[in-house]
Structure formats: C-alpha cells, structure tokens
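Subject: Structure for your files

Hello,

Here is the structure I said I would pass on. Please open it next to this message, since the notes refer to residues by number.

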Amino acid sequence: MNIFPELVKRGAESPGAERCGDCHITIYNEWAGSPHAKSYVNEEFRTTSGDYEFQFCLSCHVPETVFTEPQEIKARSHNVEDGVDCQGCHLTSDCRLSGPHSGMGPHPLEKNEAFYRDSKLCGTCHIDTYEEYLIYGNVFEKQTCQDCHMPAVNRKLIQDEPWQKIHKKKEGKAHTFSRLGAMEANRDFITLSFSEIERTDTLIEGRVQIQNILIPHTIPTGSYGYREVLLLIHLKDNFGRSVRSSEESMFVELNTQLKPLEKREYPFSFAVDEFDGEMSTLEALLYRTDFKRVNKALFAKVEALIEH
C-alpha cells in the first residue's frame, strides 16, 4: 500500500519533515525540539560554517541520506531548514522508507532492525566520537549511542486516525537525540570529589578529582563547534557567598578532554586574610557550556566542609 508516494521523493517534490509529523505526531514533536532539527538553523552553525559557505559541513547538517559511507554522504539542497530530517535517517539511497520495525501503513516500510540498533548509524556523521566509541566501548558494559541519546519508549508509532487503530505498541526510541537525555540515562557518569584539603592562616588548598566512569567517549567530544567542559571551584563564606574562585577548561582541540576511565586531579590554592571573615565551604561544579558561557548543562556538583 502506498497512499503517499511523495514521501519517498527527493528534491523539490519532497514534502519535508512536517509531512511525516501528520501521522508520527509524537516522534515529530520530539524531533522538532531536538538538536537534529536545529542543526542547520542554529546561529552557532551559521556563524562557524561561514554563513553556510563551507560545503563539507552541510553534508552532515542537512544530509540527503545516511545510507552511505561517511565520506560519500551528500548535502541536500531542499528543505534545508529541517536540518537532520526524517528522510535523512529513514529514506534509503534507492528511495525506500526504512526503520527498525515492520508494520502496516499508508506507505511501504522496509524493516532493518540491525542498522537502527547499531552505533554505526550515528557514526556516519559523528565520525570522531564513533571512533572513540570503537576504542573505548568494550571497556564498559556494551551500550550504543542510541541507548543513551534516544531513551527507550513503549508506544504506537502512529497517532493519526485511522492508522493508529491497526498498530500495537512497540518498544522503540525517543527521537530527542539529547545530551540531557543521555545524562539522565547515565546518572553519576562522572565522579567529582575533593581531597587533601589543608588550611593555614593564609591559605586554603587541596585537590579536585574527576573521573569519567561510565561514558564510552571523551568529555567533551566531537570535532567542530565550541565544546568546552568547565570546572569551577568556589570558596564560600558562612553566608554561602563565593569569595574566591578558580576554573579549569577541557577542550578536544587542546587535547585536554577527559577520556573514559581517566582520573584527573586539579590542584587549587586560595589565599585568605583576616578581612575575609570565616570560610566554611568548598564547592566544585562541572559544566558543559557554550562560547559565551551562558547556556550550561551541569554534569556534577560536590561540596566539602573546611575543618577549623
């Protein structure tokens, strides 16, 4: 049955992701709020791609299809505002719709469960992170990109009438492609702790220890864009006010990213004097942040009392 032949068309005849959302309502809404939907229109990409001049960037930010080898992926010239759209991952190179499930519907569907359960799918574009995963993935209990970034759900794939009546709920994946979702699925993926805290009349010093204990790629990861993980260490007084601070940054470009199972120590030393009042607490926070350090995703937080 193929009531909607336009769904397998490319170019100007392609209806775009919104058309898929007529039936796959929940999946479309998840995708629409995801980084994939914004991969072309977000301001950071527009700027770093030279106002869309760098063509090699477009192949992954507006892919025609991921059913190809990474070096052969092509950028599409239609519906570019959809970013990484439905067709990019579900329309094969020979224009057949594909997914992890089979089922009746208003268009043919080719079941290809192994492809959609494999991290290689994500590695078509996220090449460097996938290569890290191949190196480190076996260190941990084996999990795929999809396990972390597409949380498991049980639901009907179609919500539109009358098609949803002939569908049963199936085990699937949320199309959120979210870093925050991955953090939720892997709570306490980083250990953060204080050690060797010492206090004198003029100094408070010690170390902060960090270890990536669960994620099978570096933190941060990726090749392009601004990717910083920021460690902030605060010295607080009895009123909870930060009176001294220090910071450390981790970047892929500087090879200071945290590798899987790597344990790292950052020493700190805060000078204090009689005018500072009573110091009571140390606080360490680990963030993923952007270039302007406005948007922050908290990875971990720990506090330690200072002995008098």
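The notes below go from the overall picture to the sheets, the core, the aromatic rings and the cysteines.

Overall

Please keep in mind that this is a predicted model, not an experimental one. The protein has 308 residues, of which 45% are buried. Its secondary structure consists of 10 helices and 11 strands. The C-alpha trace spans about 80 × 45 × 35 Å along the principal axes.

Sheets

One open sheet has 3 strands in the order 5-6-9, with antiparallel pairing. Its edges are strand 5 (190-199) and strand 9 (263-271), each of which pairs on one side only. On average, neighbouring strands in this sheet are turned by 20° against each other, direction ignored. Strand 6 (residues 203-212) pairs with strand 9 in the antiparallel sense, over 9 bridges. If you want a residue to start from, G206 has F268 in strand 9 as its bridge partner.

Another open sheet has 4 strands in the order 8-7-10-11, and the pairing is antiparallel here too. Strand 8 (242-251) and strand 11 are the edge strands, each pairing on one side only. Neighbouring strands of this sheet are turned by 15° against each other on average, direction ignored. Strand 7 and strand 10 are joined over 10 bridges, in the antiparallel sense. Within that pairing, L231 stands opposite L286 in strand 10.

As background, strands of a sheet pair through backbone hydrogen bonds, either parallel or antiparallel.

Core

The largest nonpolar core holds 30 residues. The members that touch the most others are L192, F194, V208, I210, L231 and L286. Two of these names came up above, since L231 and L286 stand opposite each other. The elements that give two or more residues to the core are strand 5, strand 6, strand 7 (228-237), strand 9, strand 10 (279-289) and strand 11 (296-305). Strand 11 contributes the most, with 5 residues. In general, nonpolar side chains of soluble globular proteins tend to be buried together.

Aromatic rings

There are 14 aromatic pairs in the structure. One of them is F67 with Y116, an edge-to-face pair with 6.4 Å centre to centre and 65° between the planes. F67 lies in the loop between helix 4 (55-61) and helix 5 (86-90), while Y116 is in helix 6 (residues 113-116), so this pair ties together parts that are 49 residues apart in sequence. Both rings belong to buried residues: F67 has a relative accessible area of 18%, and Y116 has one of 9%. Y116 also forms an edge-to-face pair with F115, at 5.2 Å centre to centre and with 90° between the planes. F115 is partly exposed, with a relative accessible area of 22%.

Elsewhere, ring pairs link Y40, F45 and Y52 into a cluster. Y40 is in the loop between helix 2 (25-32) and helix 3 (43-48), and its relative accessibility of 16% counts as buried. The C-alpha atoms of Y40 and H78 are separated by 12 Å, and the two residues are 38 apart along the chain.

Two charged side chains are also placed over rings. R19 lies over the face of F4, 4.5 Å from the ring centre. The charged end of K296 sits over the ring of Y287, at 5.0 Å from its centre.

Cysteines

How many disulfides are there? The count comes to 0, the cut-off being a pair of cysteine sulfur atoms within 2.5 Å. C89 is in no disulfide, and the nearest cysteine sulfur, that of C125, is 7.8 Å away. C89 is buried, with a relative accessible area of 17%. C95 is likewise in no disulfide; the nearest cysteine sulfur is that of C20, 13 Å away. At 29% relative accessibility, C95 counts as partly exposed.

Regards

Technical notes:
Residues are numbered from 1 along each chain as its sequence is written. This is a predicted model: local features need pLDDT of at least 70, side-chain atom pairs count only at pLDDT 80 or more; totals for chains, interfaces and linings use all residues. Side-chain values use heavy atoms; hydrogens and water are left out. Rings of Phe, Tyr and Trp (its six-membered ring) pair if their centres lie within 6.5 Å; planes under 30 degrees apart count as stacked, over 60 as edge-to-face and the rest as tilted. Buried means under 20% relative accessible area, exposed over 50%, partly exposed in between (1.4 Å probe, protein chains only). A charge sits over a ring if NZ of Lys or CZ of Arg is within 6 Å of the ring centre and within 35 degrees of the ring normal. Two strands pair if DSSP finds at least two bridges between them. Axes are lines fitted to C-alpha atoms, for helices over the stretch in contact, and angles run from 0 to 180 degrees between N-to-C directions. A nonpolar core is a set of buried Ala, Val, Leu, Ile, Met, Phe, Trp, Tyr and Cys residues joined through side-chain atoms within 4.5 Å.
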